[in-house]
Amino acid sequence: MVAANGARFHVAECGAADDPLVLFLHGFPEFWWAWRHQLPVVAAAGYRAVAMDLRGYGASDKTPRGYDPYTAAADVSGVIRSLGASDAVVVGHGWGGFIGWSAAVLAPRQVRALAAVSAPHPLLLTRSGQRKAVTRTAWFQLPILPERRLLAHDGIHIERLLRAWAAPGGGFPDAEASRRYRAALQVWPAPHCALEYHRWFARSRFRPDGRKFSAQLRTPVAVPVLQLHGAQDPAISPTATTPPDLVAAPLRHEVITPAGHFPHEEAPDLFNTLLVDWLRSFAA
């Protein structure tokens with residue numbers, strides 16, 4: 001457990017404490033265990049690999065508020081410093097990637113580089129090519145009902161979401177992944193906390209804090225960026241490329257053919273090869 005930004009965060013780590021830090025941020029509806037294939041491989045490559053449970057998920061604190069990108073970026077910045085590092089390479093999937101993009105702009109001193117997995121730049125999420133990502137989660141905006149649906153029938157809808165967003169016929173999630181993700185999101189108020197991230201993004205469009213966030217995210221990211229997408233992702237368009245005016249550093253875009261929305265779990269060997277190769281490319 002790590003204390004940061006007024007809350008406690010659960011982390012899992014591999015590697016030596018004095019190695020360069022790589023911090024992994026999971027997406028919805030997962031928790032740190034999503035990075036089980038990456039932690040030992042990245043540690044073996046010479047890095048301190050740490051995966052955290054985001055606020056509201058897993059064993060981290062489930063606070064009444066704090067599911068906006070400002071708080072989430074401060075969470076990431078605080079965890080990095082609480083781990084004794086001055087900065088880290090941040091690897092974020094889905095909403096974890098959204099937080100990673102946010103932290104790269106809002107807490108630039110703590111983000112050495114960014115790998116965004118199935119996570120286009122936040123300013124691209126409102127564009128036509130990503131409308132399906134917004135419409136697929138529109139029902140999350142309803143009060144109470146989405147939480148009840150996630151909890152109903154031992155969380156079977158969580159498994160259905162994972163399967164619907166993965167590549168067809170790929171076998172993800174298997175029985176263990178389904179069991180773990182269903183169990184993790186059954187702990188109240190985890191379902192409510194998880195959905196609050198989505199609700200902030202949708203509802204802030206018409207509020208001053210949302211407009212302020214969009215304006216700040218127009219600041220170009222000043223660190224190396226790797227974008228990884230699954231070619232068969234039905235939730236996020238894999239063709240979403242970040243305009244050069246939003247990244248003022250080396251930008252690399254890779255598409256993993258056999259994967260859907262969860263390339264780090266659906267094709268872990270290929271994902272790990274690309275990630276470690278990228279890490280070594282700018283660390284050299």
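**Close-up views of a predicted model**

**View 1. The loop that holds Pro-29.** Pro-29 is found in the loop that runs between strand E4 (21-25) and helix H1 (39-44), and the structure shown here, as in every view below, is a predicted model. Within this loop the residue to look for is Pro-29 together with Phe-28, since a cis peptide bond joins Phe-28 and Pro-29, with omega at about 0 degrees.

**View 2. The cis peptide bond between Trp-188 and Pro-189.** The peptide bond leading from Trp-188 to Pro-189 is cis as well, and its omega is near 10 degrees. Pro-189 lies in the loop between H7 and H8, where H7 covers residues 175-184 and H8 covers residues 190-203.

**View 3. The backbone at Ser-118.** Ser-118 has a phi near 50 degrees, which is a positive value in a residue other than glycine. Ser-118 is placed in the loop between strand E7 (111-117) and helix H4 (131-135).

**View 4. The contact between helices H2 and H3.** The axes of helix H2, made of residues 69-82, and helix H3 come within 8 Å and cross at roughly 80 degrees, and this angle makes H2 roughly perpendicular to H3. On the side of H2 the contact is made by Pro-69, Tyr-70, Ala-72, Ala-73 and Val-76, while H3 brings Phe-98, Ile-99, Ser-102, Ala-103 and Leu-106 to it. Sorted by character, the residues of this contact of H2 with H3 comprise nine nonpolar, one polar and no charged.

**View 5. The contact between helices H6 and H7.** Helix H6 (residues 156-165) and helix H7 (residues 175-184) have axes that come within 9 Å and cross at roughly 125 degrees, an angle that makes H6 oblique to H7. H6 passes H7 in a crossing that is right-handed. In H6 the residues Ile-156, Ile-158, Glu-159 and Leu-162 meet Ser-178, Tyr-181 and Arg-182 in H7. The residues of the contact of H6 with H7 divide into four nonpolar, one polar and two charged.

**View 6. The cavity and its lining.** The count comes to one cavity of 30 Å³ or more, and the largest cavity has a volume of about 40 Å³. Its lining is formed by Tyr-67, Asp-68, Pro-69, Trp-95, Phe-98, Ile-99, Tyr-197 and Trp-200. Helix H3 (95-106) and helix H8 (190-203) each supply at least two residues of the lining of the largest cavity, and H3 gives the most to this lining, with three residues. The lining of the largest cavity contains seven nonpolar residues, no polar residues and one charged residue. Pro-69, Phe-98 and Ile-99 are among the residues that line the largest cavity, and Pro-69 of H2 and Phe-98 and Ile-99 of H3 also take part in the contact of View 4.

Conventions: Residues are numbered from 1 along each chain as its sequence is written. This is a predicted model: local features need pLDDT of at least 70, side-chain atom pairs count only at pLDDT 80 or more; totals for chains, interfaces and linings use all residues. Side-chain values use heavy atoms; hydrogens and water are left out. On a 1 Å grid over the protein atoms alone, a cavity is a set of points where a 1.4 Å probe fits but cannot get out, and a pocket is an open set with protein on both sides within 12 Å along at least five of seven lines; lining residues have an atom within 4 Å of a point. Grid points are joined across faces, edges and corners, and a volume is the space filled by probe spheres set on the points. Ala, Val, Leu, Ile, Met, Phe, Trp, Tyr, Cys and Pro count as nonpolar, Asp, Glu, Lys and Arg as charged, and the others, Gly among them, as polar. Axes are lines fitted to C-alpha atoms, for helices over the stretch in contact, and angles run from 0 to 180 degrees between N-to-C directions. Angles under 35 degrees count as roughly parallel, over 145 as roughly antiparallel, 65 to 115 as roughly perpendicular and the rest as oblique. A crossing is left-handed if the near helix is turned anticlockwise from the far one by less than a right angle, and right-handed if clockwise. Contact means heavy atoms within 4.5 Å.
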